[in-house]
Every structure is written in structure tokens, then in C-alpha cells.
Amino acid sequence: MDLDAITEYSALHPKPSGLILQYGTAGFRTKAEHLDHVMFRMGLLAVLRSKQTKSTIGVMVTASHNPEEDNGVKLVDPLGEMLAPSWEEHATCLANAEEQDMPRVLMDISVKAAVNLQQDAFIVIGRDTRSTSEKLSQSVIDGVTVLEGQFHDYGLVTTPQLHYMVYCRNTSGQYGEATLEGYYQKLSKAFMELTKQTLCSEDEYRSLKVDCANGIGALKLKEMEHYVSQGLSVQLFNDGTKGKLNHLCGADFVKSHQKPPQGMEMKSNERCCSFDGDADRIVYHYLDVDGHFHLIDGDKIATLISSFLKELLLEIGESLNIGVVQTAYANGSSTRYLEEVMKVPVYCTKTGVKHLHHKAQEFDIGVYFEANGHGTVLFSKAAETKIRQLTKELEDEKRKAAAKMLENVIDLFNQAAGDAISDMLVIEAILTLKDLTIQQWDALYMDLPNRQLKVKVADRQVISTTDAERQVVTPPGLQEAINDLVKKYKLSRAFVRPSGTEDVVRVYAEADSQENADSLARAVSLAVFQLAGGVGETP
Ligand code: NG1
Ligand code: ZN
């Protein structure tokens with residue numbers, strides 16, 4: 001390592017002294033103007049990680065669903081997965097090292113992680129449409145270059161597309177070709193094959209309105225449109241030509257406000273969906289004939305997909321197991337429906353897709369979705385091999401067709417990460433194949449009314465939790481207070497946790513009516529404010 005060169009280049013990306021950031025649920029995220037040094041240093045770190053794993057590593061510059069003014073960065077591990085936990089710690093140390101200590105901290109990491117510095121390194125870089133992203137990704141490149149890493153800059157891509165590129169490059173093309181063209185071809189081929197059996201060609205099934213959150217999803221759907229146009233026509237809204245990123249639109253807005261996005265013309269019973277700012281989340285929604293808004297969130301997406309997969313498994317008659325993974329934010333009705341009606345095992349993990357992803361790997365087929373619409377389906381290698389073998393060997397026509405469909409589903413899901421585009425195509429295929437309207441899908445079960453709120457506290461880390469974040473451990477007395485409040489309502493449930501991406505404590509409450517869910521959420525927020533050091537206005 002040329003420490004002099006590192007010191008010299010680092011001075012061009014100086015760290016504001018005293019600034020402390022944490023590699024959280026989704027990497028580093030904060031106001032864009034505080035991130036230049038972090039980007040440079042993540043370029044350096046990506047090179048070390050690449051040398052250590054002898055693989056291509058990804059660096060994505062995005063702040064997903066957060067406001068336009070924010071930005072962020074995360075590293076993508078060799079199989080398209082989130083960065084390993086021990087390296088998250090390295091990332092935090094490196095980002096927070098004061099200017100003069102940084103080269104030494106970098107050396108320490110390299111020694112601790114037993115990195116062979118002679119090894120080659122290859123980094124792929126992507127960014128979202130934020131106005132600050134281009135310059136910040138250039139700082140990543142500066143970091144990569146000073147450590148003599150090779151790189152390929154994919155420029156504007158969705159987060160899942162970058163994960164896909166990493167996965168492709170580390171599996172020597174077996175998974176797909178590491179280009180955008182390769183991505184579109186792989187997905188569209190699987191989609192067209194999956195849907196070709198259907199006779200249904202009514203327009204209402206084939207056209208979908210997409211709210212792109214004024215983000216990267218719009219550009220990429222435009223690029224992909226003609227690949228799938230025979231099976232699906234998408235009409236794009238909030239495509240970034242006028243509105244502000246994630247502002248009053250997008251999956252996060254729609255989910256957390258339980259309202260239609262602005263800038264989208266919705267007629268009653270029309271199927272609509274919303275992506276988030278980097279296109280790794282999707283939720284569906286529609287207005288009914290009375291003009292009421294209905295949200296179909298990640299839980300209902302998981303239900304639709306897992307029931308479809310379960311039917312196909314029954315059809316082919318193989319004993320492959322299937323499990324659904326959720327977080328505490330999953331609506332209570334969804335968990336009940338999955339367990340009691342569909343008889344699928346359901347597991348709860350901590351928030352953040354890396355936790356869900358990890359758990360989902362324990363099954364032959366692991367379906368995981370966060371309620372906010374971030375998720376995918378993982379097939380174990382063994383399950384994939386079995387299914388591919390069955391499509392060749394089975395003689396029974398019906399069983400063979402079912403196996404073929406499962407094979408298409410495998411190809412259609414971006415197994416490296418939750419992907420709004422993949423998810424959308426799978427959902428559209430299932431609705432078409434099963435001849436389901438959005439209302440019929442929605443009617444699988446009724447969501448319990450719920451409310452999410454945020455509370456500002458001096459130090460959100462005073463709140464620690466257990467039982468997949470469903471119980472508070474500290475500060476003392478808070479869990480007891482929540483228990484007492486929950487008892488006052490029917491069908492109620494509430495929990496609180498420090499956010500991993502924002503400086504707030506999140507509060508979630510569910511109850512038998514919207515009024516009750518709102519009032520429980522408010523009461524719990526007040527308890528947090530009083531017992532966990534609230535600041536600013538009392539909730
Ligand atoms: P935090 O800020 O830790 O709640 C949010 C989402 C996560 C996940 C991450 C990463 C909720 C309640 N939380 O995390 O599910 O998607 O952002 O983007 O939706
Ligand atoms: Zn996102």
C-alpha cells in the first residue's frame with residue numbers, strides 16, 4: 001500500500017472533524033454534503049474486500065427512499081449479498097477515522113482481515129438519479145484507483161441491477177450476462193415464457209400504472225419496456241421529468257401515509273404500483289368504486305407469491321419445503337393467514353433485508369418480504385438443480401408444465417436482492433396466470449388497521465430490543481408501559497425500535513380500528529418520548 005499516495009488523495013476528500021457515522025441497515029446514509037470522505041474511503045475498503053474475497057465487489061451510491069438531499073453508499077458482497085457484519089464494523093471504523101489516522105486504520109483492517117495486498121481487485125460501481133450521486137461515485141472511483149483496483153462504472157442503475165452485475169461476474173456468467181442488456185433479456189425471457197400459456201389477453205390485465213418515485217426506476221423501465229411489451233404494457237408516472245425524488249410519491253410515501261401518490265391518474269379498480277427511489281421496493285394499490293384507497297403491501301405480495309409457489313410444488317409432487325420470512329412490521333392478519341389458512345411456516349427476523357435474506361436461505365424455497373415491499377424469493381442450489389432436472393425428465397405433461405413454471409420463476413427473481421422490476425414481473429405473471437383482479441388479490445385477507453410514527457430522542461441507542469425487535473429491553477419501564485397501553489385495545493400490538501437509517505425511534509401499532517391504531521401509536525410515542533429522552537415537540 002502506498003500510504004503517501006493515500007494520504008495525499010485523502011486530503012482531497014477530507015473528513016469534517018468530529019463527524020461520526022454508522023454503517024447501518026443499508027450502509028451509510030445522511031445529508032449528501034457530509035459524504036464525500038465516506039465515498040472515497042468506501043472505494044478503498046471495497047478494494048480490500050475484493051482482494052480478501054478474490055471476487056468482484058459492488059459499491060452502490062444511493063439513499064433509496066430517503067429525501068433527495070440525502071445520499072448514501074453500500075457495499076455489495078460477492079454473491080450480490082449485503083456486506084458481511086465484520087466488514088460493516090471495518091466500514092464504520094474507516095469512515096470515522098480522523099484524517100491523520102485514516103491510513104493507519106486502513107492498514108489495521110487489512111491486517112485484521114488477512115488481506116493479501118498482492119491480489120487483484122475488481123469493483124463495480126452504480127448510482128441512482130440524485131443530483132449529488134455522480135460526483136460522489138467519482139469519489140468512490142478515486143478511492144478504488146489510489147489502491148490500484150480495477151473497476152467498471154455502470155453509471156445509472158437500480159440498486160438490484162448492481163447486485164445482479166456483482167452476482168453475474170462472480171459466477172462466471174452462469175447466472176446471466178453482467179450487462180443491462182443481459183439483465184433485461186434474462187428477466188423478459190422468463191416473464192414471456194411464464195405467461196405464454198395464458199389465453200387471457202384482456203387489456204385490463206395487461207396494463208399497469210407505475211409510480212416511479214421520480215427515480216431511477218423510470219429510466220430503467222423505459223429501457224426494458226420493449227422487451228416485455230407483448231405481455232405487459234406499463235404506463236409510467238413520476239418519471240423524474242417534473243417532480244422531486246420520493247416527494248409525495250413512491251413506495252415509502254404510499255406505504256407510510258397509506259395514501260395514493262401524487263402525480264398519478266388513478267381510475268377506480270385500475271391496477272397501480274409504486275417503486276421507491278432506487279427500485280428495490282414495490283407496493284401495489286388501487287382505488288375502489290367508492291374512491292377508497294387500498295394498499296397491497298409486501299405482506300400481501302409474499303402471500304400471493306407463496307401460495308402460487310405452494311400450488312406448483314403440490315403439482316410436481318416434490319417434497320421441497322417453503323418458508324415465509326417477515327419482520328415485526330408484518331401485518332398481524334398476514335401472519336395469521338399464512339400460518340392458519342395457507343399452512344406455510346412463518347418466521348420473524350429483525351428489520352433489514354440482510355436478516356430476512358439470511359433466514360430465507362434455510363429453506364428450499366424462502367419467500368421474504370418486508371411490509372414496505374422490499375423482498376424476493378430465494379431458491380436453494382439443491383432446489384434449483386432439482387427443478388431444472390425435473391423440467392427435463394418429467395413425462396407427465398401437467399407436472400412438467402408446473403416444473404417449467406417454477407424454473408421460469410427462478411429466472412425471473414433477482415435472487416441477489418429484492419428487486420421492484422423482478423417482483424413486478426412475477427406478480428403480473430401470477431395475476432395473469434391465475435386470472436386474478438387486484439380486488440380479488442386484495443380480498444385474500446383484511447389488513448388490521450395500523451400506524452407507524454417517528455419519535456425524536458437525544459440518543460436513539462438508549463433503546464435496545466430483543467425477540468426480533470418485538471420487545472424492548474432498555475430503557476427500563478418502557479416495555480411495561482407499552483404492555484399496559486396495548487391491553488387497552490382489541491386485536492392490538494405495538495413495538496418500538498431505533499431506526500437503522502434515520503435518527504429517530506420508530507413506533508408501530510396495530511388495532512381493531514384505524515382510530516384505535518392511531519391512538520395506540522400516539523400513546524406509545526408519548527411513552528417513548530418520556531422514558532427514552534425525547535427532544536423537541538411532545539408527540
Ligand atoms: P429503518 O430505518 O432501520 O427502519 C428502513 C426500513 C427497513 C429497510 C431499511 C433499508 C421500515 C420500518 N424500515 O429501516 O425495512 O428497508 O430502511 O432501506 O420500513
Ligand atoms: Zn430502496
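## Two buried loop residues and two helix packings

Arginine 130 is buried, with a relative accessible area of 3% (buried means under 20% relative accessible area, exposed over 50%, partly exposed in between, with a 1.4 Å probe and protein chains only). The model is predicted: local features need pLDDT of at least 70, side-chain atom pairs count only at pLDDT 80 or more, and totals for chains, interfaces and linings use all residues. Residues are numbered from 1 along each chain as its sequence is written, chains are lettered from A and ligands numbered from 1 in the order in which they are written, and side-chain values use heavy atoms, leaving out hydrogens and water.

Arginine 130 lies in the loop between strand E4 (122-127) and helix H5 (133-146); helices (H or I, at least four residues) and strands (E, at least two) are DSSP runs, numbered from the N terminus. Beyond its neighbours within four places in sequence, arginine 130 is in contact (heavy atoms within 4.5 Å) with ten residues' worth of partners, including Thr62, Glu68, Asp70 and Asn246.

Glycine 176 occupies the loop between helix H6 (159-170) and H7. This glycine 176 also counts as buried, at 14% relative accessibility. Leaving aside neighbours within four places in sequence, glycine 176 is in contact with Tyr164 and Cys168.

The table gives C-alpha separations for each of these residues.

| Pair | Separation along the chain | C-alpha distance |
|---|---|---|
| Arginine 130 and serine 513 | 383 residues | 39 Å |
| Glycine 176 and leucine 187 | 11 residues | 9.9 Å |Leucine 187 belongs to the part of H7 that meets helix H15: Lys186, Leu187, Ala190, Phe191, Glu193 and Leu194 in H7 meet Lys404, Met405, Asn408, Val409, Asp411 and Leu412 in H15. The residues of this contact divide into seven nonpolar, one polar and four charged (Ala, Val, Leu, Ile, Met, Phe, Trp, Tyr, Cys and Pro count as nonpolar, Asp, Glu, Lys and Arg as charged, and the others, Gly among them, as polar). Helix H7 (residues 180-195) and helix H15 (residues 397-412) pack at an angle of about 155 degrees, with their axes 8 Å apart; axes are lines fitted to C-alpha atoms over the stretch in contact, and angles run from 0 to 180 degrees between N-to-C directions. H7 and H15 are therefore roughly antiparallel, a term for angles over 145 degrees.

In helix H4 (residues 102-112), the buried residues are Met102, Pro103, Val105, Leu106, Ile109 and Ser110. Seen down the axis of H4, these fall within an arc of 160 degrees, so they line one face of the helix; the arc is that of the directions from the helix axis to the C-beta atoms. They pack against helix H1 (3-10), helix H2 (36-53) and helix H3 (85-96). The face of H4 turned away from its buried side carries the exposed residues Val111 and Lys112.

Note on methods. Axes are lines fitted to C-alpha atoms, for helices over the stretch in contact, and angles run from 0 to 180 degrees between N-to-C directions. Angles under 35 degrees count as roughly parallel, over 145 as roughly antiparallel, 65 to 115 as roughly perpendicular and the rest as oblique.
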